[in-house]
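Trainee: Could you go through this structure with me? I would like to start with the chains and then look at how parts of them meet.

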Amino acid sequence: MNATPRRSIDGRIVGAILVLLGGLGLREGRRLYVLRETLVAGAVVGDDTFPMIVGVALLVLGGYLVLTSPPPSARVELPRGAVRRQMLWSAATLVAYGFIVPWLGYTAGTAIASTALYRAMGDYRWPTAALLGAVTTAVLYLFFRVWLLQPLPSGLFGA
Amino acid sequence: MDVFPHLANGFVAALTPTNLFMAFVGSLLGTLVGVLPGLGPTAAIAILFPLTSVLTPAAAIIMLAGIYYGAMYGGSTTAILLNIPGEVASVPTCLDGYPMAQQGRGGVALGVAAIGSFIAGTFGVVILTFFAPVLADQALRFGPPEYFGLMVLAFTVVVSLSGASLARGLAMAMVGYLLALIGLGSATAEPRFVFGFEPLMSGVDLIPLVVGLFAVAEVFLGLEEARVAIAQKIHDVFPRWRDLRQAMPAILRGTGIGFLLGLLPGCAPGVTVFLAYDVEKKLARHPERFGKGAIEGVAAPESANNATSSAGFIPLLALGIPASAPLAILLGGLMVYGLQPGPLLFQKNPEFVWTIIASLYVGNVILLILNLPLVGMWVWLTRVPFGILGPAILLLSFVGAYSVRNSMFDVAVSLVCGFLGYWLRKYQWPLAPLLLAFILGPLLENNLIQSLSMSGGSPLIFVRRGLSLTLILGAIVLLCTSLVLVRYTSRRIRETTADELAL
């Protein structure tokens, strides 16, 4: 169980990211400002205005969060043990799914990913997970491809 | 504006087989997802949003509205039977609903919740029918500065969506605005925040963002929670006369409180349900019954929840201001179809608006029919293991995100947003302000640019025009009201759950 300290690390992380994003906003705003001055003579506002405003707001808020890092109002408990393992396996499966689907196509990619997900999240035995995976793949195919007529990734095997 | 002829036309359109079917499917799917433990209306709409992308605008919004209402009805089932609130608006229902279920009166609690929700929902739609057009009649007085004022008014909603920390809510809102800026600029069509990466040229799409933040993240959060359903048979779902007589004043008071506060842009159901519950407890002759299975403790918050949600359609349709995360997604849905909610919507697309309003009446009836007789099936669904639900929801979300633009980039966006959403939710960073700002960002920017162009760069244009000034002053008043209400609600949530939930 990880108790959250009064000055939270998440506040500083988010604050630092906001400062970076704010800097990015100002940089992009500056680039667009120069472009506007060149392209649209006489315009007082343009595509650069809002990035500048948002950039300044992000810098101010980010700075505030870094300095004060207000903690969450309730204690944060991070997952441990079996649950953490389940979550990491599931997350890894989803990332892998994103990579394999363009190559294997919807049917094979989804069948493999769903089997792995049922195994990871439900702790089912491989044959049961494979069966559940096949059913899920078929139901989603019926739903999206047959009923809603949506194209699905075809991959190298064309399916 | 003549309400009755428009409404009659709306009913003619809403009762066409296609639209009726969409209302039915939306209500059914919404209830189905809503009864799944831990999933509330926001997650329900997020998961099912991609499915509506192939429909006509009216059919899609009818289905989305059905999903929204259905998920709220479904949410009361898990709150009562499992003591799991899908969203903060269901927390007070747990307080007395779960003890009722433990006492073997779960059916009565579910029945009263359904009847209260029906009465409140229908009342809200009746007022919407007559009140929204009055607001919308001001349409011709709206120019860019007034729209900018409206957007500022909408920004006050961030306060009520921020939970306990306004700084965290504002931070998330700014990230939402930044995400909305990605893509081609509206004035010069120059790429912004693209950095040469071609898929970013068309910007971040709303659907993968919503799917990631609210569906994928929800599944990962759900993995952590052990959930046990009450293994009881539900019977007596139709409350007895005595139960109804006891619950009816609470239903009416909950409806009144929920509706009146729901009219305020920025007052989410999470705020009104606690007020309704507390008022009921204060008025009770035996307040000690509350928390131990008082039927009024279920009737009042459930009615307030639905009344607020219905009332939320008034600022949504007439002003383009969403009061809660699910309504923000609905707003996004309207914009995906090229419709701009706000004063002009009633003038430009009257058939569409009145079809939606009529479909809300139809949806309420469908939900009452679905919920009372089929309660046994919904209860059975609460026992489906998360090991089956989780993978199914994840895959449905990803395939849905892909299908909108046939883009693996969108799948990647939903995946990244899912992981980020999980981490942010875990550390209680509210996601609804991010979504709201992402949706309203382009409107705010366009109206700001147009207004400043009109005035030669002077921001005084916003205070020199009466309506614009009124809206900005209204935003300040609402900001203060929201701060008070949010502080009250946050305290009550902490007292009730020792936890922090986004409103």
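Mentor: What follows takes the two chains in turn, then a helix pair, one residue and the contact between the chains.
This is a predicted model, in which local features need pLDDT of at least 70 and side-chain atom pairs count only at pLDDT 80 or more, while totals for chains, interfaces and linings use all residues. Residues are numbered from 1 along each chain as its sequence is written, and chains are lettered from A and ligands numbered from 1 in the order in which they are written.

Trainee: How many helices and strands are there in chain A?

Mentor: Chain A has 4 helices and 0 strands, where helices (H or I, at least four residues) and strands (E, at least two) are DSSP runs numbered from the N terminus. Read from the N terminus, the order of elements is α-α-α-α.

Trainee: And what radius of gyration does chain A have?

Mentor: Chain A has 24 Å, whereas a compact globule of 159 residues would have a value near 15 Å; the radius is taken over C-alpha atoms, and the globule rule is 2.2 Å times the number of residues to the power 0.38. Its C-alpha atoms fill a box of roughly 65 × 50 × 25 Å along the principal axes. Chain A is divided into domain 1 (9–68) and domain 2 (81–147), with bounds that come from an automatic or database domain assignment, and the C-alpha centres of these two domains lie 40 Å apart.

Trainee: What about chain B, how does its radius of gyration sit with the globule rule?

Mentor: Chain B has 22 Å, which agrees with the value near 23 Å for a compact globule of 503 residues. The secondary structure of chain B comes to 23 helices and 2 strands, and 65% of its residues count as buried, that is, with 20 or more other C-beta atoms within 10 Å of their own (12 or fewer is exposed, in between is partly exposed, and C-beta atoms are placed from the backbone). In chain A, buried residues make up 35% of the 159.

Trainee: Changing topic, at what angle do H10(B) and H19(B) pack?

Mentor: Their angle is about 170°, and their axes are 10 Å apart, the axes being lines fitted to C-alpha atoms, for helices over the stretch in contact, with angles from 0 to 180 degrees between N-to-C directions. H10(B) and H19(B) are therefore roughly antiparallel, a label for angles over 145 degrees (under 35 is roughly parallel, 65 to 115 roughly perpendicular, the rest oblique).

Trainee: Which residues meet there?

Mentor: Among them are B:Val211, B:Ala215 and B:Val219 in H10(B), and B:Ile393, B:Leu394 and B:Ala401 in H19(B); two residues are in contact if their C-beta atoms, placed from the backbone, lie within 7 Å. By class, this contact has 12 nonpolar, 4 polar and no charged residues, with Ala, Val, Leu, Ile, Met, Phe, Trp, Tyr, Cys and Pro as nonpolar, Asp, Glu, Lys and Arg as charged, and the others, Gly among them, as polar.

Trainee: Is B:Ala71 buried or exposed?

Mentor: B:Ala71 counts as buried because 31 C-beta neighbours lie inside 10 Å. B:Ala71 is in helix H4 (residues 57–82) of chain B, and its contacts beyond four places in sequence include B:Gly30, B:Val33 and B:Pro41.

Trainee: Last one, how many residues does each chain give to the contact between the chains?

Mentor: Chain A gives 54 residues and chain B gives 54 residues. On the side of chain B that touches chain A, H19(B) gives the most, with 11 residues, and that side divides into 34 nonpolar, 12 polar and 8 charged residues.
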